[in-house]
Each structure stands twice: as structure tokens, then as C-alpha cells.
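This report introduces one structure for a reader in the first year of study. Please look at the sequence and the model before reading on.

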Amino acid sequence: MTAGAIKRQAQALGFDLCGVAPAASLPELAYLPEWLASGHAGEMVYLHKSAAARSDIRNFLPGARSVIVTGTVYNTDEGRRQKAEGGRATDSIRVARYARGRDYHVVLAERLEALVAWMRGQHVEPFEAAVFVDKHHVQERVYARHAGIGWIGKNTCVINPELGSWLFLSGIATDLALDADPPALDQCGACTLCLDACPTGALVDAHVLDATRCISYLTIEAEGAIPEERRAQIGHHAYGCDICQEVCPWNLAPPRSLDPAWQAVRRDGVSAASLWQRSDDELHQFVKGSAMTHLSLAGLRRNLATVIGNSGDAALLPALEGPGRGVKNAAHSAFTPAVAETVAWARERLK
Ligand code: SF4
Ligand code: SF4
């Protein structure tokens, strides 16, 4: 079984890019401990705990010799459709593009398992293979670079010269010896658009993200209330942030996926106040099936209250009074200390 045959099958299964990296001691793998030591990981204790495991994919799959890396375009026509529909409301929420369709963890794991099953049908000898999708202890961006998928940009995203950076990364570690691709070359050049555009200064240097300032971290990973000095910078972001990818010249004319899995369910652009008014059951329905389920309902409410506070629209003040449409016990998630603190802040800001 050749790397070329695997790549063709990967394409048939819906992956837009597929390359092979060696399961070797790659230099970029050493950056993680340095980054963690700088304190830029904030409350992401799981990264500290798993740092040793992440130092080499051979900890993930002992005996691994090759890493098959896939890239999947998730950008769709959603933005254009919204523009055609007209302007945004004062409290419309922003949801990162990767979270607008189905939960990629589920979809990509199914497709990778299908690729492994196909490989087992092709290769008569037994072999080891393990799939990884984001949540596993693998530094997939490093392997993506060495599989020729794309270079790691100054915004820390993997950029493919043809497809840009709106890409899910996932892959398979295997003990099969496959021909590796040449690593991708850095093509950021003198550009600093992402560093300049970041509203919180989270890109403290080229390739260095201080997660504690990043809107993606603050709206998804951080527990408790968002630090007060950061709340205004959150703007309309209720889940993640795409700014440093939106400004990237390599995403000027990005491909649009027609894959049904990534077509947007209406989440981005919805009114924060209308969501705030929903019950916990209704909010759960709103995020069901998407990557947004990785955020607790209390975390989502904290973010909605932040967006309402940033709306500048005093007419929204009454909406904050009755989460769950005022029905007793319908919105437990609205009464955690972090949410209560954010609501009090939003009220003050809107007065
Ligand atoms: S995701 Fe947003 S906040 Fe985070 S580094 Fe990029 S632009 Fe800055
Ligand atoms: S905006 Fe410029 S510097 Fe940033 S990732 Fe894109 S090309 Fe690189």
C-alpha cells in the first residue's frame, strides 16, 4: 500500500488534503514546553499534564513510523449569505466558522476510521493505526507542516498555499513505513497583518500566542468570569474568534466547502438577547450537534451577557431580567457566580 493510494482514498472520503510526515523527533515539537513555561496557556492545566505525552507522537502510538495528516476545508458560503440578508443587530453574536456546522470531532473521527478500515483491506499484514482529532495528545500542526499540508503562520494556524487556513487538521499515526512528503515552506514573509489586527494583542510575537488574552481562549477555555479588563475587547464574540484568519492574505479568496457536514446551522448572527431569554433546554438545542457543546451552558450565558454588555443598546436591559423567559427553574445556568457577575457588569455598562 502506497502513500499515494492512501491519499486518493482520503480524498474519496471527503478530506481536501492528505500528506505523510515521519514519526520522528521534529524540531518544532520542542516549543510546547517553552510556551507552557511562559504562562501563556492560562488555565489549560490539561496541556501541562499532557505535555510529556505530546512531545512525540510515538507516545500516542508506540512504534509509530508515519503520520498521515489530513486537512479539511470548513469555510462555507455563510458569510456571503448573511451579507446578502442585511446588517447585523446591535447584539448579534459571532461564532467561529469551525463551530457553525457539525461537530468536527465526530465527523472527522468517523472518516478517519473509514480510512483505516480501507487500509486494512488493502494491506494483508497486520499493522497498528490510531486516529487523532484535536482532542488527542498530538501536536497536529507540527505534523501537518512536515506532511506538506501547510506552514504554521505567524497567527499559529496552518496555512496551505492553495486552500488557506480554514482547515480542520486530523490524522492517523501508524507503524507502516510510508513515503513522507517534503515539509511546507513558511510563506508569511514580512507580513504582520494578523499581529496588527488582533484586538487583544494576544499574538505577542510571530508564532507566539498568549492564550490568556485570546478571545478564543477567553470565550471557550477559561472558566469563571472573563477578566473585567478583557470584557469590552470580546465585542460580539460568543464562541471563538476568527479575526487573525480573516485578515490573512492567504484567505482572501478561500475555497467554500459544499460538504453537508459543515453547512452552517443558523448560529452566527443570532441575537444574544433572544438567546439569553431562552431556557437551558432551548439553549442546549441551539448548540446541539456542534463543537459549541464543548462549552458549558453557563459559559455560553457568560458570553451572551458579555455581548449584550458590549452592544451599547440600553433597550436590551429588560431582556437581562428574565432568562428562561422568566419561567422559574428554566434557566439554572444563568445563576452561577460568573454569569451573575457578568450580568451585573453588563447592566452597569448599558445604563
Ligand atoms: S483568535 Fe482573535 S483574539 Fe485570538 S489571536 Fe486571533 S485575533 Fe487575537
Ligand atoms: S496574516 Fe500575514 S503574518 Fe499572519 S499568518 Fe497570514 S500571512 Fe502570516
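## Two packed helices

Angles under 35 degrees count as roughly parallel, over 145 as roughly antiparallel, 65 to 115 as roughly perpendicular and the rest as oblique. In this predicted model, helix 15 (residues 297-309) and helix 16 (residues 337-350) pack at an angle of about 10 degrees, with their axes 8 Å apart. The two helices, 15 and 16, are therefore roughly parallel to each other. Axes are lines fitted to C-alpha atoms, for helices over the stretch in contact, and angles run from 0 to 180 degrees between N-to-C directions. Helices (H or I, at least four residues) are DSSP runs, numbered from the N terminus.

Residues of helix 15, among them Ala298, Arg301 and Ala305, meet residues of helix 16, including Val339, Thr342 and Leu350; contact requires C-beta atoms, placed from the backbone, within 7 Å. This contact between helix 15 and helix 16 comprises nine nonpolar, three polar and three charged residues. Ala, Val, Leu, Ile, Met, Phe, Trp, Tyr, Cys and Pro count as nonpolar, Asp, Glu, Lys and Arg as charged, and the others, Gly among them, as polar.

## Ligand surroundings

The shell around ligand 1 includes Asn155, Cys198, Cys214 and Cys241 (C-beta atom, placed from the backbone, within 6 Å). Nine of its residues are nonpolar, three polar and none charged.

Ligand 2 is surrounded by residues including Lys154, Asn155, Cys188 and Trp250. Its shell divides into eight nonpolar, three polar and one charged.

## Basis of the model

Residues are numbered from 1 along each chain as its sequence is written, while chains are lettered from A and ligands numbered from 1 in the order in which they are written. In this predicted model, local features need pLDDT of at least 70, side-chain atom pairs count only at pLDDT 80 or more, and totals for chains, interfaces and linings use all residues.

Key
Contact = placed C-beta atoms within 7 Å.
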